[in-house]
Every structure is written in structure tokens, then in C-alpha cells.
Amino acid sequence: MDKSFFKNIWTGIVGFSRRVADGVARLTNWQFILLSILGLVAAGILEGILETRPAVRRAPPVAITIHKEAPQAADNDATPDVLTPPQPPGDPLESAIKKRILKQIQKEIDRESGATDAASSVKREILQEIQKEIESESDAADPVSANAKKPKKSKRSVEVHIGDGDSKDAAAQQNRGPPLPLIIFLLIVVLLAVRITTRSRLSADARVQSAEASAEMESLRRQVSEAQLQTLQAQVEPHFLFNTLAAVEHLTETDPPRATVMLQHLIAFLRGSLPDMREQNTSLGREVDLCKSYLAIMQIRMEDRLTVSIDVPDSLRGLSFPPMMLQSLVENAIKHGLEPKPEGGAIALSARIQDGRLRVTVADTGLGVAENAPQGIGLGNIRDRLKRLYGNAAALVLAPNAPTGAHITIEIPHVPLPASDTGR
Amino acid sequence: MSHSPRAILADDERLMREQLRARLQEAWPELELVGEARNGEEALTMVAKLRPDLAFLDIRMPGQTGLEVARTIAGCCHIVFVTAYEAHAIEAFERGAIDYLLKPVDNARLAVTIARLKERLAAGHNEENAERALERIETLLTKLSGDRPSRPGVPYLRWIQAGVGSQVFLFPVEEVLYIQAQDKYTVVVTAAGESLVRKPIREFAETLDPEVFWQIHRSTIVNSHAIAAFKRDGEHAEVTLRGRNAKLEVSRSFTGRFRQM
């Protein structure tokens with residue numbers, strides 16, 4: 001229990017000094033200088049005050065001054081009935097005072113007896129002596145025990161100053177320590193040292209913290225950009241991009257007007273494919289335009305191996321449609337259905353309203369789904385997204401196309417976009 | 001090298017073929033471009049027919065991919081892959097010594113490839129090169145197996161490589177009349193002649209279409225389309241082939257097929 005008590009005290013001290021150190025370190029140079037000057041000035045003033053009234057500062061626990069002029073009377077506080085002889089007028093009061101003093105001294109002795117140090121024992125002895133002195137005087141004045149006795153001394157004076165175990169007044173005055181301004185000055189020096197060391201530690205801490213924070217920010221930023229890059233990669237396949245750029249490059253030499261057309265389609269496609277996190281839904285018209293750009297590029301590249309037909313009524317262009325789904329289906333049809341087929345084929349994009357639902361279909365005459373697994377995986381992703389967006393209100397229907405290829409339909413609830421978004 | 005080098009190029013996109021042709025003609029005027037293929041099958045046929053020294057193959061092609069074509073023709077000619085973007089393959093190219101070009105083809109890079117090809121052409125063909133090339137292509141194919149789906153079921157062997165002298169030729173299996181084991185080698189007989197292949201006959205038996213190629217003996221496989229007649233004389237049975245004098249012995253365990261005829 002004692003251990004934990006000291007421990008508590010120690011932690012208290014440590015905590016306090018740490019707080020002081022931090023506080024000192026956080027001050028600006030000017031604040032610190034100002035504080036130092038104030039401290040010194042205050043110390044100077046305080047020193048001045050103390051010089052005139054030293055007793056105030058070094059007040060001893062007991063200060064006794066007894067001046068004896070008359071023989072002591074018996075203690076009439078405790079046994080008032082015993083007092084038989086007529087006492088001088090001041091006597092009862094004096095005896096009461098004496099009694100009190102004795103009590104006080106006794107208390108002091110009792111208190112000091114607990115302590116074992118030299119100072120305490122000296123103090124105790126002195127107190128005992130005083131006690132004896134006073135008691136003997138009382139005895140002399142006691143009418144019961146020493147009736148005939150006359151006071152030996154008509155006047156007796158005892159002057160005792162007790163403070164910090166130092167009974168000698170002069171010594172007490174001398175041992176008061178260095179002047180207050182010097183102490184304050186030393187304190188300031190110590191605080192300055194503390195301030196410098198703490199400051200360097202704090203600035204190192206701050207640097208570490210800021211480095212950590214920036215590293216965290218950096219990793220967060222990287223995560224975001226990686227996610228965006230992944231989205232972009234998922235949307236703009238590098239194989240498609242570089243093949244298209246190679247074709248554009250060739251056309252700039254051989255057929256510049258066609259190169260321009262192809263480049264414009266590519267720009268439109270890239271702009272539409274860039275991840276736009278804000279938009280959860282876009283219009284069917286916008287998605288169809290994106291597919292048109294893509295297919296126009298693929299037609300320039302695949303030439304007569306690709307036939308494209310698009311049948312989307314203008315009235316449906318303003319309907320809400322999830323982004324990058326239709327294009328994903330079209331790309332799948334090209335990549336897995338038509339491009340790997342030596343003779344190529346046709347792709348048809350169409351949209352209808354049927355039973356209050358919007359049905360958008362991508363049909364191709366390519367190799368078909370059964371023969372290539374990746375298309376199935378891509379469809380799984382679209383299915384998941386539809387489920388998240390519409391729950392059971394949406395569907396993805398896959399069927400073989402006649403005579404070959406795949407026929408894929410996205411069915412979603414028929415929802416017009418808010419008027420402001422239908423501009424495109 | 002006595003004659004000027006001959007090359008074919010294969011890409012499914014005309015613009016890409018045109019571009020590569022233009023670049024090659026500009027950077028390597030002596031190179032003779034003898035054929036342009038639009039897919040893997042055409043490339044194989046061209047290699048077999050035209051016997052070029054070089055083949056520039058696009059990786060993503062309909063029918064057979066450039067890598068699959070390369071596996072079949074490795075050793076017959078030097079191969080340069082042309083690709084727009086094959087992340088895994090490029091890494092493999094860079095480690096192995098196989099040449100590759102990225103689309104759009106960069107002139108400076110093309111010059112490096114041409115210099116390398118000239119060096120190799122001067123060194124000439126040999127079987128060791130062919131084996132190493134095949135190994136590298138196998139590595140590439142394994143690398144890319146994560147990139148693309150593997151075909152369901154392994155297709156039957158359709159092309160056969162055979163060494164004649166120091167040259168390696170490629171010919172379609174349809175041209176094969178019969179195959180016969182001979183010591184460590186296998187003799188592949190076509191209308192044009194015989195060639196030795198360092199491949200056990202068992203491997204042919206496993207990879208050739210059994211509907212067309214019939215095993216008639218422990219050491220003989222015959223192209224059923226080439227059979228003229230089946231003759232049995234007591235214990236002995238044999239087949240004769242169209243337009244050839246050769247008679248091939250049919251062992252007892254394989255006569256079952258002829259009984260149904």
C-alpha cells in the first residue's frame with residue numbers, strides 16, 4: 001500500500017513536471033523572456049517585502065515570550081476551588097496563560113517526540129527545559145505545595161523562537177538561503193534547458209506525426225487512384241487502346257481524313273469511359289453513344305468482318321440506365337464473339353419497352369457463349385450490379401443467337417431520368 | 001545466306017498488316033514479303049507452302065493465336081511476335097531471346113529487331129535452335145495461360161514438322177500417307193517424299209485424329225484416305241496405298257477395323 005502511495009506521488013510529480021516542460025516548450029521565445037523578466041521582478045519585489053518582515057516568512061511554530069514580574073499563582077483553570085489566598089489582580093489570568101503555554105509546549109513535545117532527527121530532539125529538550133522552568137515557577141507560587149516560598153526572582157524573561165528545528169534566532173536569519181531573485185534566476189535557467197530539450201523532442205514528434213500523416217494520406221490517395229485505375233483498365237482495355245492508336249497512326253500516313261474520324265471516335269469513347277464516381281445512373285442515350293463510338297472504331301479496324309446495327313428509339317434515350325453495362329456487353333461480344341471468329345460477323349444493339357420494363361439487347365453472330373468462359377464471368381459482374389441497383393426488379397437474360405452467337409438482354413424498371421439530366 | 005530473306009506476316013487487321021509491311025519495306029528493303037495471313041490457320045498454311053525464313057505473328061488472331069502458330073512452326077523459321085499489349089508475354093519475351101514488336105511499331109525498335117534477325121539468318125537453321133525456340137514458346141504459352149482461356153479439349157495434331165537434311169519443313173497432316181517407326185526416329189511419308197521426325201510413333205498415335213489415321217501395326221500408322229486396298233492371306237494381312245507401291249503389314253490385333261469395311 002505504501003509502495004503504491006509513493007508510486008502515485010511519483011507519477012504525479014512526473015506528470016506535473018512533464019506538463020510544466022511541455023508548457024514551457026510551447027511558449028514562444030518572447031513569452032518565455034517576458035515570463036523570466038516578470039519572475040525576476042516579482043522575486044525582487046517579494047525579496048524587498050520579506051526583508052522588512054522576516055518573521056512572516058520564517059514564522060516558527062512556537063514563539064514564546066514570557067516576562068515575569070510577580071510570583072506565579074496556582075492554576076485556577078483546572079482547580080479553581082484550591083485557590084485560597086487572595087491573589088494579585090492579574091494572577092488568575094497569568095496562571096491561565098501559563099497553563100495554556102504549558103499545554104502548548106506539551107503538545108509541541110509530543111509532536112516532536114515522533115521525529116527522530118537531531119533538530120527535533122534539540123527542540124524537544126529546549127521545550128522540556130522551558131516546561132520545567134515554568135512549572136518550577138508555578139510550584140513556587142502554589143499556595144498548597146510551597147506556601148512559604150517566595151519567588152526567587154521577581155522578574156524573569158524567557159524568550160524562545162522555534163522554527164524548523166532551529167532555535168537560534170540569528171542562525172535562522174543567516175540560514176535563510178540565497179536571495180530569492182537568484183533562485184528564480186536559476187529556475188529560469190533550468191526551465192530554459194528544459195524548454196530547449198523538450199522543444200527538440202516535440203519538434204521531432206511533430207515531424208514524425210506529420211510524416212505519418214502524410215504517409216497515410218499518400219496510401220489513401222494511392223488506394224483511390226488504384227481503384228480508379230482498375231476501373232479505367234476494366235473499361236478501356238489496353239489491347240484495344242494500343243491497337244486503335246496503331247491504326248490511327250497508320251491512317252494518319254495513308255488516309256488522314258479517316259484517321260481524324262477514328263481519333264474523334266476514340267476521344268468520345270475515352271471521355272465516356274473515364275470513371276465518373278458521382279454518377280450512379282446515366283441515360284440510355286449516353287450509354288448507346290458510348291457503344292456507337294466503340295463500334296465505329298472497331299468497324300474501322302475490323303472492316304468487312306464487322307457489321308453493326310443500332311436500333312434505339314429516340315424516345316427511350318432519356319431513360320435512366322446504369323453506366324458501363326451496355327458497353328461491357330458490346331465489348332464482350334466483339335472480344336469473345338466476333339474478333340476471334342475468322343470470318344467475323346454482325347452485332348445488333350436494340351432497346352424496347354415491354355410490359356413496363358426497359359429491355360436492352362445486344363445480339364451477335366460470333367462464336368457464342370458456350371465456347372468461351374470469360375464472357376460468363378463478365379456477365380456475373382453485371383448481374384451483381386443489377387441486383388445491387390434494382391434488387392429483383394432487374395434481370396440479365398442470356399440466350400444463344402440464331403444461327404450462332406449470343407443474345408443478351410438487360411431488363412430494368414422503366415424510370416425516366418430527372419429533366420435536368422436528359423440533356424445528352 | 002545466298003537468297004534474299006523471305007518473310008510472311010500475320011495479323012487479323014488489314015491496317016496493321018499494311019503498317020508493318022510499310023515499315024519493314026522501308027527499314028529492310030532486301031526483305032521479300034511473300035505472304036500476308038489474316039489468321040492463325042492462314043499463317044500455318046503459308047509457312048508450310050512458302051517456307052519463309054521469317055514470320056511476323058500478331059498474338060491475338062482468330063482461329064489459332066500467334067503463340068499457337070509459333071508452337072507449330074518453331075524451328076521452321078525465325079519468329080517475331082507483334083502485339084499491342086500482352087503484359088505477361090512481354091515479360092517472357094524480355095527474358096528469353098524471342099523477338100517481339102509492340103504496336104504501333106517504333107522505327108528504332110524495329111531496326112534493333114532487324115539487326116538481330118540478320119545475325120540469326122547468317123547463323124543459319126539448325127535443329128538445336130529449333131528445340132530451343134520451341135522451349136521458349138512453350139514457356140510463353142504457359143505464361144499466357146492465365147491470360148486467355150485454354151481451349152476445351154486438346155485439338156488433334158494438324159501440322160507435322162519434319163527435318164530434311166538441315167532444313168525443317170512444316171506440312172499439314174492431310175498430306176501424310178503413313179508414318180512408320182524406325183529405330184529411334186519416325187519416318188513420315190508424304191507424296192513429296194520421306195522425312196525423319198525425332199518423335200516416337202506413340203506420340204503420333206495419341207495426337208492424330210484416330211478417325212483419319214489408323215494404327216495398323218505397332219510401328220505403323222496409315223492415313224485412311226490413302227488406303228487403296230486391304231488384303232488378307234491366311235495369317236498375313238496388308239494394305240496397299242493409292243499411287244504407291246508400298247505395302248504395309250497389318251498385325252492381327254489391328255485387323256478388326258478392316259473387317260467392318
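Here is a chat about a predicted model with chains A and B.

Trainee: Hi! What kind of model am I looking at?

Mentor: Welcome! This is a predicted model. Let's begin with the sheet in chain A.

Trainee: Sure. How many strands does that open sheet have, and in what order?

Mentor: The open sheet has five strands in the order 4-6-7-9-8, and the pairing is mixed. At the edges sit strand 4 (306–311) and strand 8 of chain A, each pairing on one side only. From one strand to the next, the twist averages 15°.

Trainee: What does "pairing" involve in general?

Mentor: Strands of a sheet pair through backbone hydrogen bonds, and they may be parallel or antiparallel.

Trainee: Which way do strands 8 and 9 of chain A run, and how many bridges join them?

Mentor: Strand 8 and strand 9 (residues 406–413) of chain A run antiparallel, with six bridges joining them. One example is A:A395, whose bridge partner in strand 9 of chain A is A:E411. The two strands form a hairpin with five residues between them. In the turn, A:G405 has a positive phi of about 95°.

Trainee: And how many residues of strand 8 are buried?

Mentor: The count is zero among the six residues of strand 8 (395–400) of chain A, so to speak hardly any cover there.

Trainee: What about strands 6 and 7 of chain A, how many bridges do they have?

Mentor: Eight bridges join strand 6 (residues 345–354) of chain A to strand 7 (residues 357–364) of chain A, and these two run antiparallel. If you want a spot to find on screen, A:S350 stands opposite A:T361 in strand 7 of chain A.

Trainee: Which strands does helix 11 of chain A lie across?

Mentor: Helix 11 of chain A lies across strand 4, strand 6, strand 7 and strand 9 of chain A, at about 20° to strand 7 of chain A. Helix 10 of chain A lies across strand 4, strand 6 and strand 7 of chain A, and runs at about 165° to strand 4 of chain A.

Trainee: Why is helix 11 of chain A described as largely enclosed?

Mentor: Because 13 of its 14 residues are buried, helix 11 of chain A is largely enclosed by the rest of the structure. Helix 11 (residues 325–338) of chain A reaches 19 Å from its first C-alpha to its last, close to the expected 20 Å.

Trainee: Switching topic: how many residues of chain A are in contact with chain B?

Mentor: There are 20 residues of chain A in contact with 15 residues of chain B. Helix 8 of chain A gives the most to that side of chain A, with ten residues. The residues on that side divide into eleven nonpolar, four polar and five charged.

Trainee: What covers the buried residues of helix 8 of chain A?

Mentor: The cover includes helix 9 (256–273) and helix 10 of chain A, along with helix 1 (14–27) of chain B. Among the buried residues of helix 8 of chain A are A:F240, A:H250 and A:L251.

Trainee: Which residues touch the most other members of the largest nonpolar core?

Mentor: That core has 108 residues, and those touching the most other members include A:V330, B:V47 and B:F56. Helix 10 of chain A gives the most to this core, with ten residues. Leaving aside neighbours within four places in sequence, B:V47 is in contact with residues including B:I8, B:P52 and B:L170.

Trainee: Last one: how many helices and strands are in chain B?

Mentor: Chain B comes to eight helices and 15 strands, and 39% of its 261 residues count as buried.

Definitions and conventions:
Residues are numbered from 1 along each chain as its sequence is written. Chains are lettered from A and ligands numbered from 1 in the order in which they are written. This is a predicted model: local features need pLDDT of at least 70, side-chain atom pairs count only at pLDDT 80 or more; totals for chains, interfaces and linings use all residues. A residue is buried if 20 or more other C-beta atoms lie within 10 Å of its own, exposed if 12 or fewer, and partly exposed in between; C-beta atoms are placed from the backbone. Helices (H or I, at least four residues) and strands (E, at least two) are DSSP runs, numbered from the N terminus. Two strands pair if DSSP finds at least two bridges between them. The expected span of a helix is 1.5 Å times one less than its number of residues. Two residues are in contact if their C-beta atoms, placed from the backbone, lie within 7 Å. Ala, Val, Leu, Ile, Met, Phe, Trp, Tyr, Cys and Pro count as nonpolar, Asp, Glu, Lys and Arg as charged, and the others, Gly among them, as polar. Axes are lines fitted to C-alpha atoms, for helices over the stretch in contact, and angles run from 0 to 180 degrees between N-to-C directions. A nonpolar core is a set of buried Ala, Val, Leu, Ile, Met, Phe, Trp, Tyr and Cys residues joined through C-beta atoms within 7 Å.
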